[in-house]
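Biologist: Before we discuss any labels, could you put the model in front of us, so that each term can be set against its definition?

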Amino acid sequence: MKVLVIGSGGREHAIAWKLLQSARVQQVFVAPGNGGTRADARLSTVSGVASGDFTALADFAQAEKIALTVVGPEGPLAAGVVDLFRARGLRVFGPTQAAAQLESSKAFAKAFMQRHGIPTAAHATFTDAAAAHAHIELHGAPIVIKADGLAAGKGVVVATTLEQAHAAIDAMLQPHAAGVMHNEGGARVVIEEFLAGEEASFIVLCDGKNVLSLATSQDHKRLLDHDEGPNTGGMGAYSPAPVVTPNVHARVMQDIIHPTIAGMAKDGVPFTGFLYAGLMIDAQGQPRTVEFNCRLGDPETQPILMRLKSDLFELLLRAADGRLDGAELQWDRRTALGVVMAAHGYPQAPRLGDRITGLPAEAADAMVFHAGTALEDAAGGGTVTAGGRVLCVTALGDSVKLAQQRAYEVLDGIRFNGAQFRRDIGHRAIKR
């Protein structure tokens, strides 16, 4: 069978790489892909089609008799690509535009959680700057400010001072706030209480009714070591996450995941796709929902799929057809850890066009997944930086420490000018 993966990031490279391993998959197309997917002779690039041209992508899927289309990033999901493909009778994996509001609108997600009793932080939503500023003055800092619309993982400010909080409100409520896609009705901010604890990423596979949980993981959002510096889309991740104990896992499924899937169905918006619950787990092991995403996390996907031993194609096929009931997953017992290498100037103004050298061949215990990369010419010239997060160097090891050592061993051989990366990915698990 033929499969189409929509997207250009590290998540999509990892999905395409994993789909190739299925005995039933004849060919994997990526649209538009990146330098890494283009350099892999086993993958095919959909050329001449703009990534946002969903009609052309559906035409391609019909012409090529694509058995399954997998949508990687949140942008196309929020824009309704799944609805279009379904209307054309094409099998596609991902949530509809209405269901994707769990991610595309923080205000929608908060109202949904409140309505269905799903544990989350206390919050208020504002379109008026004066009212938002007054709320901040009343509640003080630390406090969390979120842009309502999609912002590529960077629309959140954890303000430790009132000055930071006020500045975030002013920035996000601008009509053309940098990096923020405003929803219908204009700019909005969601202001939340600050939750203390340890974060974890909890991702499940949904077919509208049945749920299958993936391996747990933990992301590292801050740019610098010791969780300092600005928030990013993610500077590294590892799986499994020790903070998600069996007891915490059971509570997440009972209090968050199952009520969310049931609530969406009750609201007439059944959820099919990957549902990602960003969690904050307090000292008593009580999980609360920080946010929902409607797709696999990036960079969590890379270590999770390194550990997955089951056939990803079969799983996604079953989920797209509403047949997840009874499905089981097999996992590599080892830890997988991925370190993101980011471009100079990331996250504010990443520099593009720096040549990358030292990229290694794929190994049994290590893989370099590409994100913001491009080939210098169509004939397969050198690889250059083409985005903020450039690579995710991912490795397996018998412990977090060993996986970390192996990932940095591979990373140390890769070079590009201005490369930024953390040296402490996995530090919380190592300290436990």
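Modeller: This is a predicted model, in which local features need pLDDT of at least 70 and side-chain atom pairs count only at pLDDT 80 or more, while totals for chains, interfaces and linings use all residues. Residues are numbered from 1 along each chain as its sequence is written, and side-chain values use heavy atoms, with hydrogens and water left out.

Biologist: What makes the contact of the side chains of aspartate 321 and arginine 91 a salt bridge?

Modeller: A salt bridge requires a side-chain nitrogen of Lys or Arg within 4 Å of a carboxyl oxygen of Asp or Glu. The N to O distance for aspartate 321 and arginine 91 is 2.9 Å, and the term therefore applies under that cut-off. The two residues are 230 residues apart, with aspartate 321 in the loop between helix H12 and strand S18 and arginine 91 in the loop between helix H5 and strand S5; helices (H or I, at least four residues) and strands (E, at least two) are DSSP runs, numbered from the N terminus.

Biologist: Why is aspartate 148 called buried, and why is arginine 188 called partly exposed?

Modeller: Buried means under 20% relative accessible area, exposed means over 50%, and partly exposed lies in between, with a 1.4 Å probe and protein chains only. Aspartate 148 has 1% relative accessibility, so it counts as buried, whereas arginine 188, at 24%, is partly exposed. The two form a salt bridge, with their closest N and O atoms 3.0 Å apart. Aspartate 148 lies in the loop between S7 and S8, and arginine 188 in the loop between helix H9 and S9, so the pair ties together parts that are 40 residues apart in sequence.

Biologist: Why is strand S7 described as largely enclosed by the rest of the structure?

Modeller: Five of the five residues of S7, residues 143-147, are buried, so the description follows. Ile143, Ile145 and Ala147 point one way, Val144 and Lys146 point the other way, and all are buried. In a regular strand the side chains alternate between the two faces of the sheet.

Biologist: How do you know that S7 and S8 pair?

Modeller: Two strands pair if DSSP finds at least two bridges between them, and S7 and S8 have four bridges in the antiparallel sense. Valine 144 stands opposite valine 158 in S8. Five bridges join S7 to S9, again antiparallel, with lysine 146 opposite valine 190.
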